[in-house]
Amino acid sequence: MSRDKVVADAADAVADVGRGASLAVGGFGLCGIPGVLIHALLERGAGGLRVVSNNCGVDDWGLGLLLRAGLIARMTSSYVGENKEFARQYLQGELEVELVPQGTLAERLRAGGSGIPAFYTPAGAGTVIAEGGLAWRHGADGSVAVASPPRETRVFGGREHLLEEGITTDFALVRAAVGDRHGNLRFDSSARNFNPLAAMAGRITVAEVEELVEPGELAPDDVHLPGIFVQRVVPIGTDDPRAEKRVERLTVRPAHSAAAVPAAPVVPAVPAVPAVHEGNR
């Protein structure tokens, strides 16, 4: 098999993602999301997807596009607070949701990609996560149709821990700043939070890359994820509207208000203290 993993078209890269497939999707909020691949899935229209991702985008961007189109059947996430459509589908029984503590979710992905079937963690011990009964899916009447199961527990060092299973998925979709033809990837800043972990968990991992380089151009110390975890590489143009890097909550101060901010008070200079030398003591 050729070591050149480049696929020229995003549609071809996800052409075998069928109905009911499980996906690990990288990104942190809207940072580092594989937007081009998500749009390709949207155009493909395969439904019943079971998605594992830190969050589900926003109403009109990221995974929120697949959700709005009714293509996602189940989400495993740690944060879902930016998406009103997500809340509506969950509360009306259209979407199954497994909420996982963020660190636990990260470790479940890493464990799955490392061949570790399960591990113990203190996160969630003594809570409803351990006891079970969280509503994974609601009924049409608001009842709990599918509830989370109780977790196996064990005490280590006098502290209770929960057994959590590693996560593996049929596919993983990630975005990298730089990638080579062998699938070695480098991520930019906080895009590195979940992308490498999601990539590890997928049996078939597809990476969209902003810059494609030749093998050897990435220094070994710059490789955040080795190509052994990546099966397909899709070069994208940063001017592609599907690759836009959006901000969830813009919090910068308006330019016109800068003049209204009082200037910092001038602090008078402190006179220098003469140095003490052996000769003038």
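**Close-up views of a predicted model**

**View 1. Helix α2 is largely enclosed by the rest of the structure, because seven of its 10 residues are buried.** This view of the predicted model takes in residues 35-44, the full span of α2. The buried positions are G35, V36, L37, I38, H39, A40 and L41. Follow them outward and you will meet their packing partners: the helices α1 (10-13) and α3 (63-68), along with the strands β1 (22-25), β10 (169-180), β12 (202-213) and β13. Just after α2 comes G45, with a positive phi near 80 degrees.

**View 2. E85 sits in helix α4 and pairs with R88.** Helix α4 covers residues 84-91. Here the side chains of E85 and R88 make a polar contact at 2.8 Å. In an α-helix, residues three or four places apart point the same way, because there are 3.6 residues a turn. Leaving aside residues up to four places away in sequence, E85 touches D59, L67 and R68.

**View 3. A nonpolar patch on the surface is formed by V247, L250 and V252.** Together these three residues offer about 330 Å² of accessible area. V247 belongs to the segment after β13, and its relative accessible area of 54% is why it is classed as exposed, the cut-off being over 50%.

**View 4. T251 is an exposed residue in the segment after β13.** Strand β13 itself spans 232-235. T251 counts as exposed because its relative accessibility is 71%. For a sense of distance, look across to V25: T251 and V25 are 226 residues apart in sequence, and their C-alpha atoms are 26 Å apart in space.

Conventions:
Residues are numbered from 1 along each chain as its sequence is written. This is a predicted model: local features need pLDDT of at least 70, side-chain atom pairs count only at pLDDT 80 or more; totals for chains, interfaces and linings use all residues. Side-chain values use heavy atoms; hydrogens and water are left out. Helices (H or I, at least four residues) and strands (E, at least two) are DSSP runs, numbered from the N terminus. A polar contact is a pair of N or O atoms within 3.5 Å; within protein, one must be able to donate a hydrogen and the other to accept it, and residues adjacent in sequence count only if both atoms are side-chain atoms. Contact means heavy atoms within 4.5 Å. Buried means under 20% relative accessible area, exposed over 50%, partly exposed in between (1.4 Å probe, protein chains only). Patches are made of residues with over 30% relative accessible area and no salt bridge: like charges are joined within 9 Å, nonpolar side chains (Val, Leu, Ile, Met, Phe, Trp, Tyr) within 5 Å. Accessible areas come from the Shrake-Rupley method with a 1.4 Å probe; for residues, only the protein chains shown count as cover. A salt bridge is a side-chain nitrogen of Lys or Arg within 4 Å of a carboxyl oxygen of Asp or Glu.
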